[in-house]
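Grab the model and work through these exercises with it open. Try each task before reading its solution.

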Amino acid sequence: MEKVIDESVQGNTLTLESNQGNTRKLYIESYGCQMNFSDSEIVASILSKQGFNTTNVLEEADLVLVNTCSIREKAETTVRKRLEKFNAVKKTKPHMKVGVLGCMAERLKDKLLEEEKIVDMVVGPDAYKDLPNLIQEIDEGRNAVNVILSKDETYGDVAPVRLNSNGVTAFVSITRGCDNMCTFCVVPFTRGRERSRDPLSIVAEVNDLWKKGFKEVTLLGQNVDSYLWYGGGLKKEFEKASEIQKATAVNFAGLLEMVALAQPKMRIRFSTSNPQDMTLDVIKTMAKHDNICNYIHLPVQSGSNRILKAMNRLHTREEYFDLIANIRRILPDCAISQDMITGFPTETEEDHKDTLSLMEYVKYDFGFMFAYSERPGTLAARKLKDDIPEETKKRRLREIIDLQQKHGLYRTQQHLGKIEEVLIEGSSKKSEVHWMGRNSQNTVVVFPKENYHVGDFVNVKINECTSATLIGEAIGYTANN
Ligand code: SAH
Ligand code: F3S
């Protein structure tokens, strides 16, 4: 099951192909969402031009970077522990420098650099192009910091180096930042205002991935449906754009179509969709192009209208149901997944029951569920007391996870007996003699390897299932190869 925050990859290091002539060693560890993992590929690309090859051996690194996440307190605690570890290693390797990247940069720069003195460099998510200067500073013995958030940085001109890649699926970032201001969420503060990347640079990256043998791309953003290109600049400044800019602007449905047409055999996915920004156009574009996968990650966070309002999610439960009905009508085979938060301030048992009944109505294919974690600086932290006891949050979380598991099984059972196209990504985690891939709906499918290869599109007959995995047998190649 693909996760928004994939626990199995947290802390992964990246190993870049060595560039001969590079003499210094970079160790880079990443936490949090896919966007951070994708950003680490941009950082590795920038630093490969500055004399750095990556290593996965911490002790031999000249520069240690940790790309951090602030979304919940637990994410920050994990990074803090790693920084302590790096600092201990550094004591025995005086030439080693340590830098913090990503979402914790802005919030914790003073604490990390001046109070605790456990890092040499702090770099925010929009400042990676400044890394060559910042590294020069630390080389000369000074601390370096740049946490300025940008109005237009999208790294559209940096070709990311694909690292730790299966060679089949890749992420392509299309927007940065978020303007939605959900009251629980730290992202608008850590990653700044929303801006979109030039569609031509997105299509060029997708074309390049196809040439390199990749078969699937996921277009990435905090809120992809809000994508809007009108020549560059902030989404919220679109109103000020010229008439010609407005007339030639590209929205998310337009971008999806451009990418789908550019590479008709490439599978296309996207994440994340915010219900308030998802339009019928997007759903219709998905229906029009076979290569756009039938899967929508559509976080709702709560089933209670009162809580949705307090979260500043700009839609009601009823409007969400309308959207689900439209998806089911236009794309009958589409899988839908959720993110949910339990124990948001003031949440009552009644509100919680609304969440359970919303889930019962939708019967999501997958879900990513969290207990509310108060984040400093957010509107919820400033205005609302974190008043739901931890054990209540946890109990409600348990209840929605159990219900999701039941629905997951209900959904996987609907695939039994069908023949579905699967793109092979690699060996199954549990068995060397089985391939693992996904169907269009993003469900993991496992089947005996026979003579098939990684990157093949294969028709698989589905014979068995668990709540998250389909088990089957290959019956031949699909027309897509
Ligand atoms: N649009 C984003 C959402 C980012 S955060 C995306 O790309 O997925 C991912 C999920 O983390 C959110 O949907 C929400 O369910 C959860 N989350 C965010 N802030 C949280 C908080 N303060 N406490 C608990 N969960 C939170
Ligand atoms: Fe966060 Fe809401 Fe944006 S969850 S990333 S503020 S859509």
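**Exercise 1. Find the residue in β14 that is the bridge partner of Leu-220, then work out how the sheet is laid out.**

Step 1. Start at Leu-220: the bridge partner in β14 is Ser-271. Strands here are DSSP runs of E with at least two residues, helices are runs of H or I with at least four, and both are numbered from the N terminus. This is a predicted model, where local features need pLDDT of at least 70, side-chain atom pairs count only at pLDDT 80 or more, and totals for chains, interfaces and linings use all residues. Residues are numbered from 1 along each chain as its sequence is written, while chains are lettered from A and ligands numbered from 1 in the order in which they are written.

Step 2. Follow the other partners. Val-217 has Ile-268 as its bridge partner in β14, and Phe-171 is matched with Thr-218 in β11.

Step 3. Look at the strand pairs (two strands pair if DSSP finds at least two bridges between them). β8 (residues 169–173) runs parallel to β11 over five bridges, and five bridges also join β11 to β14 (residues 267–271), again in parallel.

Step 4. Put it together: the three strands make an open sheet in the order β8-β11-β14, with parallel pairing. β8 and β14 are the edge strands with a single partner each, so one side of each has no neighbour in the sheet. From one strand to the next, the twist averages 25°.

Step 5. Add the helix. α6 (residues 199–211) packs on this sheet and touches β8 and β11, and its direction makes about 165° with that of β8. Contact means C-beta atoms, placed from the backbone, within 7 Å; axes are lines fitted to C-alpha atoms, for helices over the stretch in contact, and angles run from 0 to 180 degrees between N-to-C directions.

**Exercise 2. Which residues of β11 point one way, and which the other way?**

Step 1. In a regular strand, side chains alternate between the two faces of the sheet.

Step 2. Glu-216, Thr-218 and Leu-220 point one way, Val-217 and Leu-219 the other.

Step 3. Check the burial: five of the five residues in β11 (216–220) are buried. The cut-offs count other C-beta atoms, placed from the backbone, within 10 Å of a residue's own: 20 or more is buried, 12 or fewer is exposed, and in between is partly exposed.

**Exercise 3. Which residues are around ligand 2, and where does Cys-178 sit?**

Step 1. List the shell: Cys-178, Asn-180, Met-181, Cys-182, Cys-185, Val-187, Pro-188, Gln-222, Asn-223 and Asn-274. Each has its C-beta atom, placed from the backbone, within 6 Å of the ligand.

Step 2. Sort by class: six nonpolar, four polar and no charged residues. Nonpolar covers Ala, Val, Leu, Ile, Met, Phe, Trp, Tyr, Cys and Pro; charged covers Asp, Glu, Lys and Arg; the others, Gly among them, are polar.

Step 3. Check the record: an unreviewed UniProt entry puts a "binding site" at Cys-178, Cys-182 and Cys-185. Such annotations may be inferred rather than shown by experiment.

Step 4. Place Cys-178 in the loop between β9 (175–176) and α5 (187–191). Cys-178 counts as buried because it has 23 C-beta neighbours inside 10 Å. Leaving aside neighbours within four places in sequence, its contacts include Gln-222 and Asn-223.

Technical notes:
Contact = placed C-beta atoms within 7 Å.
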